[in-house]
Amino acid sequence: MAQPAQKKAKTERVFLFSSESVNEGHPDKICDQVSDAVLDACLVGDPKSKVACETATKDNMVMVAGEITTQTKIDYEKVVRGVVAKIGFDSFVDDLSSVDSKGLSDKTCEVLVRINKQSPDIAGGVHVGKEDLDVGAGDQGIMFGYATDETEDCMPLTHSVATKLGKTLTDVRKSGELWWLRPDGKTQVTIEYLQKADGSVEPQKFHTVVISTQHAEPSKAKRTKECAGYTALR
């Protein structure tokens, strides 16, 4: 009598997995921080503010746009310039070959504000005249994620390492240890993994680490020009 076919056991395989992280001076992250700062300013003055704020930046320009209903008065230009200054952008020269330009200046950048109040139709459908438990959102989105036991922070190892490298890059720039660094930067980490026959995954080794950073001109830059408030001889 024929025996039933046996299922073949899964075989092990090796694969590469990469994660990327951008520094606070990267355009994507600049926009995130400006939008967050606008939201914070609204909530500080009016906890019931309704905020939908988007930010875009290009060259020496930052634009905030969206729909905001709040009882507090917000100086959007001041908020934008404050974020840009805190990041460390204080120089812009309209010349792509310039080694002095950091690409953005908190003092001279153009700030465009295109914000009006929340649509009455959205307000009526979301929160006006509704009980607390019936309040909805003015926009919808579906996100998913997962936790992993690879690291103490429960994030994938590649992501955790890339983020920590980027944070270190920012720390040594702001401390003055590597004063010639500029705000924009990006890190990428690739790790080789072994997927075992039982489906479990185990990191084997770092395959590639990439650190890319904006910086001053080598051998010609001066710390007095790169670091605000630094007054030594060079």
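Start by selecting Ser21, which sits in strand 1, residues 13–22. This is a predicted model, so please read every stop on the tour as a description of a prediction. Is Ser21 buried or exposed? Its relative accessible area is 11%, which makes Ser21 buried. To see its surroundings, add Ala162, Thr163, Lys186 and Thr187 to your selection: Ser21 touches these residues when those up to four places away in sequence are left out.

**Zoom out to the whole chain**

Now color by secondary structure. You should find 5 helices and 8 strands. Walking from the N terminus, the order of elements is β-α-β-β-α-β-β-β-α-α-β-β-α. Of the 234 residues in the protein, 33% are buried. Turn on a surface, and the accessible area comes to about 15,800 Å², with 53% of that belonging to carbon and sulfur atoms. If you like contact maps, take the contacts with a separation of 6 or more: 61% of them are between residues 24 or more positions apart.

**Helix 1 and its acidic patch**

Select helix 1, residues 27–45, where Asp28 has its place. Then show the side chains of Asp28, Asp32, Asp36 and Asp40, which form a negative surface patch. Pause on Asp40, another residue of helix 1. With a relative accessible area of 46%, Asp40 is partly exposed. For a distance to draw in the viewer, connect the C-alpha atoms of Asp40 and Val51: the two residues are 11 apart along the chain, and these atoms are separated by 9.8 Å.

**A walk along the salt bridges**

The structure holds 11 salt bridges, and a few make good stops.

- Select Arg81 and Glu77. Their side chains meet in a salt bridge, at 3.0 Å from N to O. How many residues apart are Arg81 and Glu77 in helix 2? They are 4 apart in that helix, residues 76–87, so about one helical turn separates them. Glu77 is partly exposed, at 35% relative accessibility.
- Move on to Lys102 and Asp90, whose side chains also meet in a salt bridge, again 3.0 Å from N to O. This pair links distant parts of the chain, 12 residues apart: Lys102 is in the loop between strand 4 (90–91) and strand 5 (104–105), while Asp90 is in strand 4. The two partners also fall into separate burial classes: Lys102 is buried with a relative accessible area of 7%, whereas Asp90 is partly exposed with 29%.
- Next, pick Glu202 and Lys196. The closest N and O atoms of this salt bridge are 3.1 Å apart. Glu202 is partly exposed, with a relative accessible area of 34%, and Lys196 is partly exposed as well, with 29%.
- Finally, show Glu24, Arg173 and Lys174 together, as they are linked in a network of salt bridges.

**Strand 8 and a nonpolar patch**

Switch the surface back on and select Phe206, Val209 and Ile211. Together they make a nonpolar surface patch of about 280 Å². Ile211 lies in strand 8, and its relative accessible area of 45% makes Ile211 partly exposed.

**Two stops for the Ramachandran plot**

If your viewer can draw backbone torsions, open that panel now. Most residues other than glycine have a negative phi. With that in mind, which phi value does Cys154 have? Cys154 has a phi near 65 degrees, a positive value in a residue other than glycine. Look for Cys154 in the loop between helix 3 (120–126) and helix 4 (157–174). Its relative accessibility of 36% counts as partly exposed.

The second stop is Ser219, which has a positive phi of about 70 degrees although it is not a glycine. Where is Ser219 placed? Follow the chain into the loop between strand 8 (201–215) and helix 5 (223–226), and you will find Ser219 there. At 81% relative accessibility, Ser219 counts as exposed. For a last view, select Ser219 together with Ser21, the starting point of the tour: Ser219 is exposed, whereas Ser21 is buried.

How values were computed
Residues are numbered from 1 along each chain as its sequence is written. This is a predicted model: local features need pLDDT of at least 70, side-chain atom pairs count only at pLDDT 80 or more; totals for chains, interfaces and linings use all residues. Side-chain values use heavy atoms; hydrogens and water are left out. Patches are made of residues with over 30% relative accessible area and no salt bridge: like charges are joined within 9 Å, nonpolar side chains (Val, Leu, Ile, Met, Phe, Trp, Tyr) within 5 Å. Accessible areas come from the Shrake-Rupley method with a 1.4 Å probe; for residues, only the protein chains shown count as cover. A salt bridge is a side-chain nitrogen of Lys or Arg within 4 Å of a carboxyl oxygen of Asp or Glu. Lys and Arg count as positive and Asp and Glu as negative; His and the chain ends are not counted. The place of a charge is taken as NZ of Lys, CZ of Arg, CG of Asp or CD of Glu. Helices (H or I, at least four residues) and strands (E, at least two) are DSSP runs, numbered from the N terminus. Buried means under 20% relative accessible area, exposed over 50%, partly exposed in between (1.4 Å probe, protein chains only). Contact means heavy atoms within 4.5 Å.
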